[in-house]
Amino acid sequence: HTTLSAYTEGGLIWGHALNYFRDGTVLRLDNSLRYESPDFAGLSFKLMKAFGEQPGSSGNVVNPSFDYRNGAMKVGASFMQRHKTAANTERYTTVGGSYDFGPVSASLAYYTLRDDLPNATSLARNAYEISAAVPLGTNVLWLAYGQARGRARADTGASSLSLRYDYVLSKRTRLYTGYSIIRNDSGASFTVNSASNAGPAVPAGQRVAQAIAGVSHSF
């Protein structure tokens, strides 16, 4: 989750395809330890271990990752293995990169999930997202496009396109509005998630669209 957030412009929030296509059950892991190294000439490492010893925890997990920054460029990768059940181990791989071009900053993230389940119930998939932030004076236009493709079943993919505009009223107050659409394949039911992965449930194959508008004020 940390790697996906680092390589989607603005973080893994509303409007991001990989927010919709990711596995929300790995956002927070019970009974875990995490180490983050100092910065070594732009290179840093992270290692997380979740022991999964308590009922209802998210399972035994190990997750090494790294990031490298050089000026306007940043790249990173993460590998996570989770023993979800006695019969199923899930393996997640994420790679990403970002670059600040000056007038535009852009990010690319690629995500894979593999498991040991039979094709009929497998969640295995590949997904990617390209996102950009375009400053317009003090305001910002955000864009994101991504696709997911099922590895076990060809009909479990989807695509998503989103845009959001933030208009700054003052140092502490901004208006925002946005529109996001997901086109599900016949066997997919991805939806517009919140940060907690709790979006409205939709039938398989249904197209999902959502518009937002609001005010953000910092006290």
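**Nonpolar core, aromatic pairs and cavity**

Among the 26 residues of the largest nonpolar core, those touching the most other members are Leu18, Phe21, Tyr111, Ile182 and Phe190. Such a core joins buried Ala, Val, Leu, Ile, Met, Phe, Trp, Tyr and Cys residues through side-chain atoms within 4.5 Å, where buried means under 20% relative accessible area, exposed over 50% and partly exposed in between (1.4 Å probe, protein chains only). The model is predicted: local features need pLDDT of at least 70 and side-chain atom pairs pLDDT 80 or more, while totals for chains, interfaces and linings use all residues. Residues are numbered from 1 along each chain as its sequence is written, and side-chain values use heavy atoms, without hydrogens and water.

Two or more core residues come from each of helix 2 (17-21), strand 2 (43-50) and strand 6 (105-114); helices (H or I, at least four residues) and strands (E, at least two) are DSSP runs numbered from the N terminus. Helix 2 gives the most, 4 residues.

The structure holds 3 aromatic pairs, defined by ring centres of Phe, Tyr and Trp (its six-membered ring) within 6.5 Å; planes under 30 degrees apart count as stacked, over 60 as edge-to-face and the rest as tilted. The Tyr92 and Tyr111 rings, with centres 6.3 Å apart and planes at 40°, are therefore tilted. This pair links strand 5 (residues 88-100) to strand 6 across 19 residues. Tyr92 is buried at 5% relative accessible area, and Tyr111 is buried at 3%. Tyr99 and Phe101 form a tilted pair, 4.8 Å centre to centre with 55° between the planes. Tyr99 is partly exposed at 38%, whereas Phe101 is exposed at 53%.
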